Amino acid sequence: MKSWSGRSGLAKVDVYTRVTAYLLMWGAVFALALLLLTRPVRHEAPLLLVVVAPLLNLANGILCHRFLRRAMDVYLRPGTTLGTREVLPAAAAAAATTGAVLAEAATADLTGLLPGMLGGALVPFFTAHCLLFPVRTVVLHQALLGAVLLAAVPLTGRDAGHTLATVLTVCLTTGWLAVTIRLSLWVLRVLFELREARDVQARLAVAEERLRFGRDLHDILGRNLSVIALKSELAVQLARRERPEAVDQMIEVQRIAQESQREVRDVVRGYREADLRVELEGARGVLDAAGIDCAVDIPGLVLPDAVQAALGWVVRETTTNVLRHGDARHCAIAVREEAGAVLLTVENDGVAGETGAPAPGGRARSGPGAGSGLAGLRERLAAVGGTLEAGPGEGGTFRVTARVPVSGDRTRTRAEVAP
């Protein structure tokens, strides 16, 4: 089981909301248990009732606990059905209510505690019941409960004043809990929907980039491949006729193929190479749009193109994985100069396992021979003599650190190279 500090922000809200609902429900069960175990009940009520009423209250708590868990799952995941499992908790609530009323009626000294006993018996059921129906239906059921109590409470010998006070107390208690539980679960469901929307946004961004790359390749290769196919067919026909022009046609095919190869390399190089400052600005914009506070700290260093491309890829991959695999609220990207090296760190919260780091299965956008995820980044950095470290940081964060050696005369600031 994960520790509290190891959970994401959404997971913490989920646990807090569920535990609060369970505490409210079991608080009612515990309150009724205390009333049923008071001295007047033990001494004045029949022995069978003294034994059975607390057992019914405990059974009501256990069944309604399971009922509440399933009701929260149904509410948070639209489309899930509960079936007929509401019948057994309703019967347990009715039995606990009957036992509480009989115990109160048999005890002359507890005539003023009927509202508390009724509330303790009914709250566990209505805590879960309010999550399974639309608001109008829940209000209607609360009104029906009030009508039933108005008809049943006078049977215990209460006058109109006591009856009205009992009904209002029970209805206000169950109604307040219904509003509290439903609002809390509504907020949690909105948070789940926001997380799903962010995941969809990240997947759409990846898909859009793939489509753009596919369109670029199609624009380059489509026309050239058509010309190659036509000229190859013409060269075959000329060769069958033993015409010398067939050689010219094949030379033209060779020229077009080489040109296509060069153009594809240019597209892949432009897609593969990353400018560090462009990637940092892009990371800031994407993370801010996703609701993640991104702090970027970079001095005015002038780095070799190969080093910028390698570090830019670290920023691109880690940013993608923060969006897709983490539940971050804050992300810090910093570039600083060390003795003979440049250090890039990307640190984010909202970590679950290795969330926020380049996933081992994440694909790297590169040419032949490149790896994927952490392995791909290490290959890119190794090409410029750099190293990559990834692991937990301080305060439950995850940190990716890239270190690239650079000679002192290549890490001058922009002010130093300015004319």
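1. A nonpolar core here is a set of buried Ala, Val, Leu, Ile, Met, Phe, Trp, Tyr and Cys residues joined through side-chain atoms within 4.5 Å. With that in hand, and remembering that this is a predicted model, start with the largest such core. It has 33 residues, and L311, I333, L344 and L381 are the members that touch the most others. At least two residues each come from helix 9 (276-289), helix 10 (305-325), strand 2 (330-338), strand 3 (341-348), helix 11 (373-382) and strand 5 (398-405). Helix 10 is the biggest contributor, giving eight residues. A separate core of 31 residues lies apart from this one, with F67, L118, L131 and L145 among its members. As background, nonpolar side chains tend to be buried together in soluble globular proteins.

2. I333 is a handy residue to click on. Neighbours within four places in sequence aside, I333 is in contact with L280, A283, C294, A295, V296, D297, V315, L344, T345 and V346. L344, in that list, is another of the core members with the most contacts to other members.

3. Now the sheet. It is open, has five strands in the order 1-2-3-5-4, and its pairing is mixed. Strand 1 (293-297) and strand 4 stand at the edges with a single partner strand each, so one side of each has no neighbour in the sheet. On average, neighbouring strands are turned by 10° against each other, direction ignored.

4. Going through the pairings: strand 1 and strand 2 run parallel and are joined by five bridges, with C294 opposite C331 in strand 2. Strand 2 and strand 3 are antiparallel, over eight bridges, and A334 stands opposite T345 in strand 3. Strand 3 and strand 5 are also antiparallel, again over eight bridges; here L343 faces R403 in strand 5. The hairpin of strand 2 and strand 3 has two residues between the strands, and G340 in that hairpin takes a positive phi near 70°.

5. Strand 3 deserves its own look. How many of its residues are buried? Eight of its eight are, so to speak a mostly covered strand. A341, L343, T345 and E347 point one way, while V342, L344, V346 and N348 point the other way, and all are buried. That fits the general pattern: in a regular strand the side chains alternate between the two faces of the sheet.

6. E347 also has a polar partner. The side chain of T397 makes a polar contact with the side chain of E347, at 2.6 Å. T397 sits in the loop between strand 4 (387-392) and strand 5. Is T397 buried or exposed? T397 has a relative accessible area of 13%, so this loop residue counts as buried, the cut-off being under 20%.

7. Over to the helices. The axes of helix 4 (residues 87-105) and helix 5 (residues 114-129) come within 8 Å and cross at roughly 170°. Angles over 145 degrees count as roughly antiparallel, and that is therefore how helix 4 and helix 5 run relative to each other. On the helix 4 side of the contact are P89, A90, A93, A96, T97, A100, V101 and E104, and they meet L114, M117, L118, A121, L122 and F125 in helix 5. L118 also turns up among the residues of the 31-residue core.

8. H129 is in helix 5 and is buried, with a relative accessible area of 5%. Leaving out neighbours within four places in sequence, H129 is in contact with F67, E86 and H141. The side chains of H129 and H141 are joined by a polar contact of 2.9 Å. H129 and A71 are 58 residues apart in sequence, but their C-alpha atoms are 7.5 Å apart in space. F67, one of those contacts of H129, is also listed in the 31-residue core.

9. T169 is in helix 7 and is partly exposed, at 36% relative accessibility. The T169 side chain reaches the backbone oxygen of A165 at 2.7 Å. The C-alpha atoms of T169 and G119 are separated by 8.0 Å, with their positions 50 residues apart along the chain.

10. Last, a backbone detail to check by eye. E242 is not a glycine, yet has a positive phi of about 60°. E242 is in the loop between helix 7 (160-240) and helix 8 (245-272). At 72% relative accessibility, E242 counts as exposed.

How values were computed: Residues numbered from 1 in each chain as written. Predicted model: local features only at pLDDT ≥ 70, side-chain atom pairs only at ≥ 80, totals over all residues. Heavy atoms only, no water. Buried < 20%, exposed > 50% of the residue type's maximum accessible area, 1.4 Å probe, protein only. Helix = DSSP H or I, 4+ residues; strand = E, 2+ residues; numbered from the N terminus. Contact = heavy atoms within 4.5 Å. Polar contact = N/O pair within 3.5 Å; in protein donor to acceptor, adjacent residues only side chain to side chain. Pairing = 2+ DSSP bridges. Axes fitted to C-alpha atoms, helices over the stretch in contact; angles between N-to-C directions. Parallel < 35°, antiparallel > 145°, perpendicular 65-115°, else oblique.
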